[in-house]
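User: Please take a close look at one part of this model for me, with its surroundings. Which residues make up the largest nonpolar core?

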Amino acid sequence: ALQGAFWHAVGGAVADPSLSLVILNRNFPPNSWDKAVKQLKGFAQGRRGVVPVAVVPRSEGRGGGSPFTLTDYAVCLAGVQGRTGHGT
């Protein structure tokens with residue numbers, strides 16, 4: 001099972017019946033998707049459906065450019081700056 005403060009918070013959110021949408025602001029490389037989805041479904045314990053949706057860049061970012069827009073970066077940075085207890 002995946003462990004740590006992040007997964008503890010996710011488990012609480014997935015189990016909360018008052019929430020209908022949980023957005024995870026985390027980098028999940030493709031090789032971790034199966035394990036992460038199993039963890040999420042375990043948190044749901046059959047009480048609710050789990051439908052993972054990946055947010056991917058609009059382009060491959062070739063030619064020295066970035067595949068993400070400035071808005072994408074701003075949203076990510078705001079999430080990182082809003083974290084507590086991460087030492088960042």
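Analyst: Let's begin with the whole chain: of its 88 residues, 12% count as buried. Here buried means under 20% relative accessible area, exposed means over 50%, and partly exposed lies in between, using a 1.4 Å probe and protein chains only. Please keep in mind that this is a predicted model, in which local features need pLDDT of at least 70 and side-chain atom pairs count only at pLDDT 80 or more, while totals for chains, interfaces and linings use all residues. Residues are numbered from 1 along each chain as its sequence is written, and side-chain values use heavy atoms, with hydrogens and water left out.

A little more on the background will help. The chain has three helices and zero strands, so its elements run α-α-α from the N terminus on; helices (H or I, at least four residues) and strands (E, at least two) are DSSP runs, numbered from the N terminus. Helix H1 covers 5-15 and helix H2 covers 33-44, while helix H3 covers 70-81. The accessible surface comes to about 7100 Å², with 58% of it belonging to carbon and sulfur atoms; such areas come from the Shrake-Rupley method with a 1.4 Å probe, and for residues only the protein chains shown count as cover. Among contacts (heavy atoms within 4.5 Å) with a separation of 6 or more, 48% are between residues 24 or more positions apart.

Now to the part you asked about. The largest nonpolar core holds seven residues: Trp7, Val10, Val14, Ala36, Leu40, Phe43 and Ala44. H1 and H2 are the elements that give two or more residues to this core, and the largest share, four residues, comes from H2. By a nonpolar core I mean a set of buried Ala, Val, Leu, Ile, Met, Phe, Trp, Tyr and Cys residues joined through side-chain atoms within 4.5 Å. In soluble globular proteins, nonpolar side chains tend to be buried together.

How do the two helices meet? Trp7, Val10, Gly11, Val14 and Ala15 in H1 face Ala36, Gln39, Leu40, Phe43 and Ala44 in H2 across their contact. The axes of H1 and H2 come within 8 Å and cross at roughly 50°, which makes H1 oblique to H2. Axes are lines fitted to C-alpha atoms, for helices over the stretch in contact, and the angles run from 0 to 180 degrees between N-to-C directions. Angles under 35 degrees count as roughly parallel, over 145 as roughly antiparallel, 65 to 115 as roughly perpendicular, and the rest as oblique. The crossing of H1 and H2 is right-handed, meaning that the near helix is turned clockwise from the far one by less than a right angle, whereas anticlockwise would be left-handed.

Val10 is a helpful place to look from. Not counting residues up to four places away in sequence, Val10 touches Leu24, Leu40 and Phe43. Leu24 sits in the loop between H1 and H2 and is partly exposed, because its relative accessible area is 26%. Beyond its neighbours within four places in sequence, Leu24 is in contact with Phe6, Val10 and Leu40. The C-alpha atoms of Leu24 and Phe6 are separated by 9.4 Å, with their positions 18 residues apart along the chain.

Val22 lies in that loop between H1 and H2 too. Its relative accessibility of 33% is why Val22 counts as partly exposed. Outside the stretch up to four places away in sequence, Val22 touches Ala13 and Val14.

At the far end of H1 you will find Ala15, with a relative accessible area of 34%, so Ala15 is partly exposed. Setting aside residues up to four places away, Ala15 touches Phe43 and Arg47. The C-alpha atoms of Ala15 and Gly42 are 9.8 Å apart, although 27 residues separate the two along the chain.

Two more residues complete the tour. Val37 is in H2 and counts as partly exposed because its relative accessibility is 21%; its C-alpha atom is 8.0 Å from that of Val50, 13 residues away along the chain. Gln45 belongs to the loop between H2 and H3, and it has a positive phi of about 45° although it is not a glycine. With 58% relative accessibility, Gln45 counts as exposed.
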